[in-house]
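Visitor: Please take one part of this model and go through it closely. I would like the strand pairing first, and then whatever else can be read with care.

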Amino acid sequence: MSNSPASLGVQAQWGFGAANPVTVACELGPGGDQLKATRSRVMTEGLRGTRQRIHETTGDGMITVAGDVEIIPTYTPLAAMLPFIMGGTKTGSSNPYTYPFAETNTNYGSNLQGFYVTSDRKAKVFTYSGVNVSKAVFSCQQGQAMKCVLSLVAQTETVGNSGTLPALTYPTDSPFMWSSAVLTLAGTSRAVKDWTLTIDNHPITDRFHNSQTATQFPFQDFTVELECTLPFARSSRTRPRCRSPCWKPGASRACSPARWA
């Protein structure tokens with residue numbers, strides 16, 4: 001029996017960047033890191049006089065790499081992640097900066113190869129290449145810090161030995177707190193109890209062709225959805241409209257009506 005120490009969740013570390021080794025660290029939320037590779041086996045279904053499988057007649061199928069990662073971003077890692085979500089180049093010389101939408105995510109390189117993620121799970125270190133942000137869900141509620149759940153897809157997973165994570169410096173800037181939130185709907189500032197903002201890039205995830213792993217994840221649409229809970233008031237019971245500069249002209253637009261409390 002092995003006497004090696006257990007891999008505790010509190011020891012996990014997570015980082016990302018445009019190149020490998022990664023350079024940006026970010027705290028994981030309670031949902032943790034669920035990004036993983038799933039390998040399939042192709043089995044012949046022919047009649048062979050027995051119910052037993054013959055392993056020589058099986059082959060390696062596709063390798064799908066996907067999963068959700070919950071992070072609690074501060075300004076530093078969020079500023080580095082937003083270009084990978086939105087696709088455009090940050091503009092502005094001081095806060096507030098703008099992270100515009102782009103038809104093709106130029107931050108993923110000329111071949112849409114994406115970015116890198118490295119996850120230290122103590123027993124082993126997992127590095128993912130060709131990572132794309134399928135969906136980003138930002139949410140917050142009164143009295144809490146903002147969190148973000150990233151639905152990621154990737155091309156490859158490489159497993160390294162424990163201790164091979166590059167040295168990362170975790171940011172010391174403050175989280176985005178609820179009390180700092182400002183919500184404007186239909187030109188009017190609103191009191192808000194909770195909100196969820198979903199940015200969906202709608203990637204095509206079945207482009208494997210004659211490869212075991214996905215070759216790229218072209219984005220086929222772009223939608224933004226805002227859902228929030230507002231105090232009940234007769235004067236405010238109007239259906240809000242999202243007026244975000246990140247809308248893609250002519251794209252499908254989704255906007256949930258506000259809830260009233």
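Guide: What follows starts at one strand and its partners, then turns to the cysteines, one lysine and the confidence of the model.

This is a predicted model, in which local features need pLDDT of at least 70 and side-chain atom pairs count only at pLDDT 80 or more, while totals for chains, interfaces and linings use all residues. Residues are numbered from 1 along each chain as its sequence is written, and side-chain values use heavy atoms, with hydrogens and water left out.

The part chosen is strand S1, residues 13-17. Strands here are DSSP runs of E with at least two residues, numbered from the N terminus. Four of the five residues of S1 are buried, so the strand is largely enclosed by the rest of the structure. Buried stands for under 20% relative accessible area, exposed for over 50%, and partly exposed for values in between, with a 1.4 Å probe and protein chains only.

S1 runs antiparallel to strand S6 (residues 115-120), and five bridges join the two. Strands count as paired if DSSP finds at least two bridges between them. Within this pairing, glycine 17 stands opposite tyrosine 116 of S6. S1 is also antiparallel to strand S2 (residues 24-25), to which two bridges join it. There, phenylalanine 16 has valine 24 as its bridge partner. S1 and S2 make a hairpin, with six residues between them.

Next come the cysteines. Cysteine 26 is buried, at a relative accessible area of 1%. Its sulfur lies 8.4 Å from the closest cysteine sulfur, that of cysteine 148, which is too far for a bond. A disulfide requires a pair of cysteine sulfur atoms within 2.5 Å, and the structure holds zero disulfides. Cysteine 140 also counts as buried, because its relative accessibility is 8%.

Lysine 135 lies in strand S7, residues 124-141. With 29% relative accessibility, lysine 135 is classed as partly exposed. Apart from neighbours within four places in sequence, lysine 135 is in contact (heavy atoms within 4.5 Å) with Val149, Leu150, Ser151, Thr198, Ile199 and Asp200. The C-alpha atoms of lysine 135 and aspartate 68 are 9.2 Å apart, although 67 residues separate the two along the chain.

Last, the confidence. The chain averages a pLDDT of 83, and 84% of the residues score at least 70; pLDDT is the predictor's confidence in each residue, from 0 to 100. Over residues 239-261 pLDDT stays under 50, and the model has 48 contacts beyond four places in sequence for that stretch. Where pLDDT is low, the predicted coordinates should not be read in detail.
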